[in-house]
Amino acid sequence: MSSTLPLPFFGGTCTKAAFSFSLRSSSPLVPFQRLHLFRSTSRTTTRIRSSLFHSLKAKATAELVQDKESGVVATGKPVVEHSRTFVEARSEQELLSGLRKEVDAGRLPPNVAAGMEEVYQNYRNAVFQSGDAAAVGVVLSNMTVAFDHWLLDVEDPFVFEPYHKALREPFDYYMFGQNYIRPLIDFRNSYVGNLSLFYEIEEKLKQGHNVVLISNHQTEADPIIISLLLEKTNPHIAENMIFVAGDRVITDPLCKPFSMGRNLLCVYSKKHMYDIPELAEMKRKANTRSLKEMALLLRGGSKIVWIAASGGRDRPDPFTEEWYPALFDSSSVDNMRRLIEHSGTPGHVYPLALLCYDIMPPPRQVEKEIGEKRIITFHGAGLSIAPQISFPEIAAACEESEAKSYLMHKLCTV
């Protein structure tokens with residue numbers, strides 16, 4: 001992966017001296033930080049990693065069993081009797097045969113089981129691409145926990161509130177997601193750009209300010225990948241970021257356990273608003289509730305919110321096969337501006353660029369049906385941020401009629 005990643009966030013023209021920014025900045029910005037923090041090649045470290053993954057699996061199993069034996073969950077709702085088929089698997093053969101057992105028992109729908117097996121095969125192949133000597137143990141450990149929680153959600157589906165706070169106990173869904181995606185990232189070929197700005201953001205959060213990250217969106221795993229790229233340098237941001245999430249990642253049974261480990265503001269994407277016309281009004285009302293939740297959160301201060309302003313994932317140009325960020329929805333950006341300005345708390349907007357589509361590329365076309373094919377590979381990732389956007393400066397630099405267009409199309413080179 002090149003250390004210069006051209007991602008055109010904005011592009012356009014202005015009749016006056018323009019506000020501009022570039023991620024290829026001079027000091028004090030750090031243009032790109034290669035992630036040596038994650039480098040590990042020694043046999044000792046490999047053994048430690050293998051032990052860690054197996055201990056995490058044991059811990060997850062113990063927490064799950066303890067939770068089930070208590071007879072209730074945190075909400076006080078009686079717990080559905082949970083099958084231990086996947087928890088007790090000790091090999092790939094036992095894990096995959098468990099799928100057939102659960103389908104035959106009527107506890108797992110065949111289409112969900114087929115999706116689980118497909119993910120297993122693709123995940124295993126991707127982790128093996130890393131060359132990690134502990135790959136066999138890593139795959140079995142992570143997929144055992146994943147299978148178990150996919151089945152758990154089929155047995156007793158989790159329902160997301162408009163504002164969902166990451167579930168960290170009794171089972172830590174946040175660390176589950178981190179440990180699952182971590183083996184898929186080639187950290188030796190991953191980059192974080194303008195690291196100093198992430199430290200700047202942490203200081204603003206400590207002062208009680210709000211921060212909004214206007215970003216492109218590439219994969220279902222974006223929230224976890226962002227957290228992994230920042231977990232060593234900026235753990236507070238990594239763990240406390242709130243993601244504006246579309247309904248698909250909170251309804252797809254293979255996405256839900258990973259979404260349960262993130263702080264989410266749940267909305268219905270405009271791209272899928274009319275997939276089922278009779279549900280459109282319900283979706284609009286749900287989005288209004290989520291906006292109210294966001295307004296309340298921002299009033300409290302010290303919040304960092306990530307939003308994909310395009311409302312969907314980036315896809316390649318059908319003719320050139322080149323990848324570009326999907327066009328931003330100007331109303332989404334304007335909504336965030338107004339929410340910040342009316343929160344009564346200082347707020348800041350930063351453009352964020354993310355490059356990780358090779359790890360889990362989306363379908364070439366937007367699909368209406370839940371349950372897309374998951375292609376998974378081992379690959380590097382890139383994350384970079386530009387200096388904050390000043391709306392007054394933009395308005396002053398451009399004619400009023402051009403201000404919004406200029407903001408949406410200003411070229412940002414990462």
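**Strand 9, salt bridges and cysteines in a predicted model**

Strand 9, which spans residues 382-385, is covered on both of its faces, for Gly-382 and Ser-384 on one side are buried, as are Leu-383 and Ile-385 on the other. Here buried denotes a relative accessible area under 20%, exposed one over 50%, and partly exposed a value in between, computed with a 1.4 Å probe on protein chains only. Strands (E, at least two residues) and helices (H or I, at least four) are DSSP runs that are numbered from the N terminus. The model is predicted, and local features therefore need a pLDDT of at least 70 and side-chain atom pairs count only at pLDDT 80 or more, whereas totals for chains, interfaces and linings use all residues. Residues are numbered from 1 along each chain as its sequence is written, and side-chain values use heavy atoms, with hydrogens and water left out.

Strand 9 is paired with strand 3 and with strand 8, two strands being taken to pair if DSSP finds at least two bridges between them. Strand 3 (residues 191-193) runs parallel to strand 9 and is joined to it by three bridges, and within this pairing Val-192 has Leu-383 as its bridge partner. Strand 8 (residues 347-355) runs antiparallel to strand 9, with four bridges between the two, and Ala-353 stands opposite Ser-384.

A salt bridge is counted where a side-chain nitrogen of Lys or Arg lies within 4 Å of a carboxyl oxygen of Asp or Glu, and by this rule the count comes to 13. One of them is formed by Lys-256 and Asp-153, whose closest N and O atoms are 2.9 Å apart. This pair links distant parts of the chain, since Lys-256 belongs to helix 9 (residues 256-259) and Asp-153 to helix 4 (residues 135-155), 103 residues apart; both residues are buried. In another salt bridge, the closest N and O atoms of Arg-168 and Asp-172 are 2.7 Å apart. Arg-168 is partly exposed, because its relative accessible area is 32%, while Asp-172, at 17%, is buried.

Within helix 11 (residues 330-341), Glu-341 and Arg-337 lie four residues apart, about one turn of the helix, and their side chains meet in a salt bridge with an N to O distance of 2.9 Å. Salt bridges that share partners join these two residues with Asp-334 and Arg-338 into one network.

A search of the whole structure for disulfides, defined as pairs of cysteine sulfur atoms within 2.5 Å, finds zero. Among the cysteines, Cys-255 is buried, with a relative accessible area of 7%, and Cys-266 is also buried, with a value of 8%.
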